[in-house]
Amino acid sequence: MTAAGIQESPKAPQQGGPPRGFPLWANAVAAGAILCAALAALVYLDRLYPVGLGPRQPIPFSHRVHAGIKHISCFMCHDSATRSSRAGIPPLQTCLLCHSRVIRTYPYIARLRELVAQNQPVVWQRVNWLPEFVYFDHSMHLRRGIDCGHCHGDIRQMDRVAGAVKFEMGFCIRCHKANKVTHDCFVCHR
């Protein structure tokens, strides 16, 4: 009791800090454990989703399902890659080789069939870019045994294709030097 006869309440513990007698090193250990758990979660999620997602496409197409699970060759859809400089995007009729019978009721497949019936294209979002002044021939690289994944990454793991490498001159030069092929400027710059 105080002089005025009012009883003082016991002091409440301080808010915001550790309780008295709580060692500072315990805070550091707890923060370290949380950091380790966060890093472990990132590593675990990176194994579940090893490749980033590329741009959203108007009709979702999973390369992981088609090329990975179903083992459909790249050249089933990108058949021009073996005979021309461009790999190209397949015509919608190529999709319908399977999808005229497989998962016909899936809304995006139904939309695909509508577009084919109306003779309308799908406007895909481009993923890989080369500057206009660079000449690249897919067929020449395929004839020399260069795997598509060297430049495009592990497509078999990608739902939405993401650019695996940045197509810059240094990337190409390193590959040409490693494979002991010309790195003369006029091979790629025509």
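Y106 is partly exposed in this predicted model, because its relative accessible area of 39% falls between the limits of 20% for buried and 50% for exposed residues. The residue lies in the loop between α4 (92–99) and α5 (107–117). Together with V102, I103 and Y108, Y106 forms a nonpolar patch on the surface. The four residues of this patch have about 370 Å² of accessible area together.

Helix α4, on one side of that loop, also contributes to the interior. Among its residues, L92, T94, L96 and H99 are buried. The buried residues of α4 pack against three helices, namely α2 (63–69), α3 (74–77) and α5. Helix α5 is thus named twice here: it borders the loop that holds Y106, and it receives the packing of buried residues from α4.

A second loop residue is F61, which is found between α1 (24–48) and α2. F61 counts as partly exposed because its relative accessibility is 29%, a value between the limits of 20% and 50%. When residues up to four places away in sequence are not counted, F61 touches H66 and D159. The partner D159 is 98 residues from F61 in sequence, yet the C-alpha atoms of the two residues are 7.0 Å apart in space.

S139 has its place in helix α6 (residues 138–143). This residue counts as buried because its relative accessibility is 5%, and buried means under 20%. The side chains of S139 and D137 are joined by a polar contact of 2.6 Å. Leaving out residues up to four places away in sequence, S139 touches A81, T82, R83 and S84.

The table sets out the accessibility of the three residues discussed individually.

| Residue | Relative accessibility | Class |
|---|---|---|
| Y106 | 39% | partly exposed |
| F61 | 29% | partly exposed |
| S139 | 5% | buried |

The chain as a whole provides the setting for these residues. The protein chain has nine helices and zero strands, and from the N terminus on every element in its order is therefore written as α. Of its 190 residues, 17% count as buried. The protein chain exposes about 14800 Å², and carbon and sulfur atoms supply 62% of that area. Among contacts with a separation of 6 or more, 63% are accounted for by residues 24 or more positions apart. The pair F61 and D159, at 98 residues apart in sequence, touches across such a separation.

Note on methods. Residues are numbered from 1 along each chain as its sequence is written. This is a predicted model: local features need pLDDT of at least 70, side-chain atom pairs count only at pLDDT 80 or more; totals for chains, interfaces and linings use all residues. Side-chain values use heavy atoms; hydrogens and water are left out. Helices (H or I, at least four residues) and strands (E, at least two) are DSSP runs, numbered from the N terminus. Buried means under 20% relative accessible area, exposed over 50%, partly exposed in between (1.4 Å probe, protein chains only). A polar contact is a pair of N or O atoms within 3.5 Å; within protein, one must be able to donate a hydrogen and the other to accept it, and residues adjacent in sequence count only if both atoms are side-chain atoms. Contact means heavy atoms within 4.5 Å. Patches are made of residues with over 30% relative accessible area and no salt bridge: like charges are joined within 9 Å, nonpolar side chains (Val, Leu, Ile, Met, Phe, Trp, Tyr) within 5 Å. Accessible areas come from the Shrake-Rupley method with a 1.4 Å probe; for residues, only the protein chains shown count as cover. A salt bridge is a side-chain nitrogen of Lys or Arg within 4 Å of a carboxyl oxygen of Asp or Glu.
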